[in-house]
Amino acid sequence: MSFLGACEVFLKSGFIFSIIAMGYYVSYYILDFPDLTVEGTFLSGAVVFGLMCSHGINPWLGLLAAFAVGGACGTVTGVLHVRLHIRPLLCGILVSTVLITVNLVATAAGMTGDFTAQSSSVISYGRTVATLHDCFFGDLIPERVGGIALRDLLLFFVMAVVCKVLLDLYLKTKSGLLLRAAGNNEQYVRMLSKDPGKSKIIGLAIGNAYAAVAGALYTHISGNVNQSMGIGMIVIGLASLIIGTSLLRSVKFMKPTTKVIIGACIYQACLTVAQRLGVPSAYNKLIMAVIFTVALVLSGRLKKRGGAENA
């Protein structure tokens with residue numbers, strides 16, 4: 001793999017997984033809610049998008065449908081926690097467990113009409129199926145330049161920027177301010193005669209909707225949808241979030257969502273370097289865990305150093 005090819009790989013992956021990290025920025029960083037639903041909603045977004053594209057439906061509608069499905073899954077997690085008072089970790093485990101069956105049945109039923117989920121667990125794209133890069137400015141942007149998939153790279157970059165801008169704009173609204181207040185001080189929100197639980201549900205819906213969008217976009221890289229796609233997405237999202245916010249902590253002019261995008265690209269660059277060094281792909285999950293551990297350790301040390309300097 002050439003240097004430019006390696007850069008293309010980690011940038012495309014970084015832009016896609018930065019969307020998950022932005023969703024985790026809302027649920028984990030703002031709300032302090034360790035949401036395990038992400039692994040299920042990532043796959044749900046991929047399944048919905050894959051089924052709609054394979055049946056000839058406009059891929060942009062498929063992307064919106066994936067966003068809606070992810071938001072619905074996050075809403076269920078929020079309702080379980082806020083209204084039924086189930087602990088955050090258990091809420092995520094319950095919903096993600098249910099989604100294992102839902103995603104499998106939806107795949108089999110959508111591909112073959114078999115609701116027993118015994119016939120098919122994979123969605124494969126045919127060469128004639130129109131996907132997002134086919135509808136992205138048509139022929140105005142060349143598909144490949146110098147061996148680089150320019151159109152796909154620009155597509156993922158634009159999607160990451162759009163998700164970032166939308167999230168930044170939302171957090172400036174009244175609802176967004178209440179969301180941040182609910183994560184920081186629930187009692188203060190109650191003093192304003194507002195329900196912090198409602199803000200939590202909205203935040204979890206946004207986080208999982210972003211995860212579903214990332215799952216839909218990831219199908220462009222994998223070329224199919226399989227039932228193991230969501231495994232490890234929590235580690236990727238958290239590692240990207242922590243790397244970005246820790247390494248760029250002192251950069252005051254940069255918004256957290258921008259730091260998250262950079263953190264996701266750095267994380268994917270580390271994985272790409274490991275692969276170029278000859279590490280077998282079977283060790284990817286191990287490498288991901290090691291990078292995540294290093295990010296956690298560095299984050300803790302940077303916090304202590306920052307606290308000492310302020311003191």
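Reader: Is the crossing in which α9 passes α10 left-handed or right-handed?

Author: The model is predicted, with local features requiring pLDDT of at least 70 and side-chain atom pairs 80 or more, while totals for chains, interfaces and linings use all residues. Residues are numbered from 1 along each chain, and side-chain values use heavy atoms, without hydrogens or water. Where α9 passes α10 (helices are DSSP runs of H or I, at least four residues, numbered from the N terminus), the crossing is right-handed.

Reader: At what angle do α9 and α10 pack?

Author: Helix α9 covers residues 233–247 and helix α10 residues 256–276. Their axes lie 7 Å apart, and the packing angle is about 115 degrees. The contact (heavy atoms within 4.5 Å) includes V235, I236 and A239 of α9 and K259, V260 and G263 of α10.

Reader: What distance separates the end C-alpha atoms of helix α3?

Author: Helix α3 comprises 24 residues, 59–82. Because the expected span is 1.5 Å times one less than the number of residues, α3 should span 34 Å. The end C-alpha atoms agree with this, being apart by 34 Å.

Reader: Which element has the lowest mean pLDDT?

Author: The protein averages a pLDDT (the predictor's confidence in each residue, from 0 to 100) of 85. Among its elements, α3 has the highest mean, 94, and the lowest, 70, belongs to helix α11.

Technical notes: Axes are lines fitted to C-alpha atoms, for helices over the stretch in contact, and angles run from 0 to 180 degrees between N-to-C directions. Helices (H or I, at least four residues) and strands (E, at least two) are DSSP runs, numbered from the N terminus. A crossing is left-handed if the near helix is turned anticlockwise from the far one by less than a right angle, and right-handed if clockwise.
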